[in-house]
Amino acid sequence: MIDIESRISHGLGQEVAVERIHQLAASLSQRFPQQVHQIQLQVHEHCVDVSFAAYGYVVAWQAEILDEAVVLHGRIPDAARPFKNKIEQAITARVEASLDARDSRAA
């Protein structure tokens, strides 16, 4: 397995950020019905654990939501190594968009 880590700053506060990340994770299958399958979602306190299959690969990540940042810890299969950067960029971009303070809606 290949580890992916990223840290995204935000100014929303922990409670709002937890809600936004939860909504983002819960909406994956609706937003990407052809690409994302078998979503498993667990929320506990300030952490959101998500796993899903995308393009035949199982992707698992945990979002640790802090007062001013979200720390992502992800794991993808070794077979997805050629797509590591693309996967990391896509997940980070979606999290950044969901934490955009100018957007009062969840991404």
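## Fold at a glance

The protein chain is built from three helices and five strands. Keep in mind that what you are looking at is a predicted model. Walk along the sequence and the elements come up in the order β-α-α-β-β-β-β-α.

## Overall size and surface

For a chain of 107 residues, a compact globule should have a radius of gyration near 13 Å, and the protein chain agrees, because its own value is 13 Å. Lined up on the principal axes, the C-alpha atoms fill a box of roughly 35 × 25 × 25 Å. Looking at contacts with a separation of 6 or more, 52% of them join residues 24 or more positions apart.

As for what is tucked away, 39% of the 107 residues are buried. The protein chain exposes about 6,500 Å², and 48% of that comes from carbon and sulfur atoms. On the charge side, there are 10 positive and 14 negative side chains, and the centres of these two sets sit 10 Å apart.

## The nonpolar core

Now for the inside. The largest nonpolar core has 27 residues, and the members that touch the most others are I21, W61 and V95. Several elements chip in with at least two residues each: the strands β1 (2-9), β3 (47-54), β4 (57-65) and β5 (69-76), plus the helices α1 (14-26) and α3 (84-98). Helix α1 gives the largest share of this core, with five residues.

I21 is a handy place to start if you want to explore the core on screen. Setting aside neighbours within four places in sequence, I21 is in contact with V48, W61, A63, I65, V70, V95, S98 and L99. Two of the names on that list, W61 and V95, also appear with I21 among the residues that touch the most other core members.

## Two residues with positive phi

A bit of backbone background helps here: most residues other than glycine have a negative phi. Q38 goes the other way, with a phi near 55° even though this residue is not a glycine. Q38 sits in strand β2, which covers residues 36-44. Its relative accessibility is 62%, so Q38 counts as exposed.

E45 is another non-glycine residue with a positive phi, in this case about 50°. You'll find E45 in the loop between β2 and β3. E45 also counts as exposed, because its relative accessibility is 72% and the cut-off for exposed is over 50%.

Note on methods
Residues are numbered from 1 along each chain as its sequence is written. This is a predicted model: local features need pLDDT of at least 70, side-chain atom pairs count only at pLDDT 80 or more; totals for chains, interfaces and linings use all residues. Side-chain values use heavy atoms; hydrogens and water are left out. A nonpolar core is a set of buried Ala, Val, Leu, Ile, Met, Phe, Trp, Tyr and Cys residues joined through side-chain atoms within 4.5 Å. Buried means under 20% relative accessible area, exposed over 50%, partly exposed in between (1.4 Å probe, protein chains only). Helices (H or I, at least four residues) and strands (E, at least two) are DSSP runs, numbered from the N terminus. Contact means heavy atoms within 4.5 Å. The radius of gyration is taken over C-alpha atoms; the globule rule is 2.2 Å times the number of residues to the power 0.38. Accessible areas come from the Shrake-Rupley method with a 1.4 Å probe; for residues, only the protein chains shown count as cover. Lys and Arg count as positive and Asp and Glu as negative; His and the chain ends are not counted. The place of a charge is taken as NZ of Lys, CZ of Arg, CG of Asp or CD of Glu.
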